[in-house]
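Reader: I have a new structure open in front of me. Please teach me how to read it, one feature at a time.

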Amino acid sequence: MDNIKTTRVSIIGAGALGGAVAKGLTKAGCSSVVATDAHPERLEELGIKGVRISSDNAEAIAESEVVMFALKPHITLGVVKEHASLLRGKLCISLAAAVTLDMLKQAAPDARWMRGMSNLCAELNCAFTGIVKSDTATDADLVWMIDTFGLLGEVEVIEEKSIDAITALAASAPAFFVTLMEALAMGGIYTGLPKDLAYRGAMSAMLGAARLSMASGKHPATLRDDVCTPAGVTIEGIYEIERAGARATLMKAIILTADKVKVLTEKITESQKQ
């Protein structure tokens with residue numbers, strides 16, 4: 001796998017996350033990515049985006065060097081076990097929450113396993129991905145994964161104990177942000193802005209704030225203070241955010257999401273004992 005852009009990669013499961021990863025890699029110039037799914041409409045959409053598609057998991061796996069599983073947590077292990085013989089000797093990456101490396105190694109012990117937790121922003125090559133290496137993967141596998149997911153955005157190598165929090169922050173948080181973005185736009189509409197203008201303004205403000213935060217290296221509180229002037233208009237809105245406990249709500253959203261991943265892991269563990 002000397003050239004990451006020509007490595008033969010199969011993505012098993014072309015739902016929201018798998019489809020986003022497939023689109024992002026294809027957009028980045030990876031020419032040998034094939035995505036599989038049981039839903040023809042998903043494959044049709046990916047085909048329009050230039051992604052190679054297939055409805056045959058076994059064929060896609062057999063022809064690949066790297067296999068990514070982007071399936072729902074409760075079905076991941078079943079699909080892995082079904083194709084365990086085809087996974088022998090291959091680098092395999094699970095993009096599922098709650099499915100641990102130990103579970104994956106038991107399901108297909110002859111594969112080289114890693115985990116990755118990314119998000120839908122992979123489609124536009126601006127995702128954040130946390131990656132975990134198992135003892136069955138090589139240092140070269142880790143380098144390949146860092147370089148490949150680096151095509152999709154920011155990458156951080158983490159310990160598996162941190163992946164539940166990364167799931168909440170990286171994978172789930174985009175849903176929280178678009179919910180907030182909608183709320184900001186609705187506020188603009190309430191004050192009289194046309195809907196299109198309100199939504200575009202909210203989107204641009206959130207995108208610009210994120211870019212400024214990353215580019216400046218400043219703490220978010222510093223950037224907030226740069227906007228607020230004594231007795232000005234912005235501090236009025238900040239006061240209401242603090243009065244309503246909005247920051248605590250967002251913190252709780254991350255905490256509860258991470259806790260739900262732990263519960264799901266326990267359920268999957270118990271189901272494997274039956």
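Reader: Which elements do the buried residues of α1 pack against?

Author: First, a caution: this is a predicted model. Now the packing. The buried residues of α1 are in contact with β1 (9–12), β2 (33–36), α2 (40–48), β4 (66–69) and α6.

Reader: How many residues of α1 are buried?

Author: Buried means under 20% relative accessible area. In α1, 10 of 12 residues are buried, and the helix is mostly covered. Among them are Leu-17, Gly-18, Gly-19, Ala-20 and Val-21. Lys-23 is also on that list, as is Thr-26.

Reader: What span should α1 have, and what does the model show?

Author: Count 1.5 Å a residue. The 12 residues of α1 should therefore span 16 Å, and the end C-alpha atoms are 16 Å apart, so the two agree. Just after this helix, Gly-29 has a positive phi of about 100°.

Reader: Let us turn to α6. Which of its residues are buried?

Author: Asp-141, Leu-142, Trp-144, Met-145, Thr-148 and Phe-149 are buried in α6. They cover an arc of only 160° around the axis, which means they sit on the same side of α6.

Reader: Which exposed residues does the face turned away from the buried side of α6 carry?

Author: That face carries Asp-139 and Ala-140, both exposed. Exposed means over 50% relative accessible area. The span of α6 can be checked too. Its 12 residues, 139–150, should cover 16 Å, and the end C-alpha atoms are 16 Å apart, which agrees.

Reader: Now the backbone. Which residue has a positive phi of about 75° although it is not a glycine?

Author: That is Ala-98. Ala-98 lies in the loop between β5 (91–94) and α5 (101–107).

Reader: Is Ala-98 buried or exposed?

Author: Ala-98 is buried, at a relative accessible area of 1%. Now take Ala-231. Its phi is near 60°, again positive in a residue other than glycine.

Reader: Where is Ala-231, and is Ala-231 buried or exposed?

Author: Ala-231 is in the loop between α9 (220–227) and α10 (234–243). Ala-231 is exposed, with a relative accessible area of 83%.

Reader: On to pockets. What is the volume of the second largest pocket?

Author: Its volume is about 850 Å³. The lining has 36 residues. Leu-17, Ala-70, Leu-71, Lys-72 and Pro-73 lie nearest the centre of the pocket. We have met Leu-17 already, as one of the buried residues of α1.

Reader: Which helix gives the most to the lining of the second largest pocket?

Author: α7 does, with six residues. At least two lining residues come from each of α1 (16–27), α4 (73–82), α7 (163–190) and α11 (246–273).

Reader: How does the lining of that pocket divide by class?

Author: There are 21 nonpolar, 11 polar and four charged residues.

Reader: Step back to the whole protein. How many helices and strands does the protein have?

Author: The protein has 11 helices and eight strands. Its C-alpha atoms fill a box of roughly 70 × 40 × 35 Å along the principal axes.

Reader: What share of the 274 residues is buried?

Author: Buried residues make up 39%. Contacts add to the picture. Take those with a separation of 6 or more: residues 24 or more positions apart account for 60% of them.

Technical notes:
Residues are numbered from 1 along each chain as its sequence is written. This is a predicted model: local features need pLDDT of at least 70, side-chain atom pairs count only at pLDDT 80 or more; totals for chains, interfaces and linings use all residues. Side-chain values use heavy atoms; hydrogens and water are left out. On a 1 Å grid over the protein atoms alone, a cavity is a set of points where a 1.4 Å probe fits but cannot get out, and a pocket is an open set with protein on both sides within 12 Å along at least five of seven lines; lining residues have an atom within 4 Å of a point. Grid points are joined across faces, edges and corners, and a volume is the space filled by probe spheres set on the points. Helices (H or I, at least four residues) and strands (E, at least two) are DSSP runs, numbered from the N terminus. Ala, Val, Leu, Ile, Met, Phe, Trp, Tyr, Cys and Pro count as nonpolar, Asp, Glu, Lys and Arg as charged, and the others, Gly among them, as polar. The expected span of a helix is 1.5 Å times one less than its number of residues. Buried means under 20% relative accessible area, exposed over 50%, partly exposed in between (1.4 Å probe, protein chains only). The arc is that of the directions from the helix axis to the C-beta atoms. Contact means heavy atoms within 4.5 Å.
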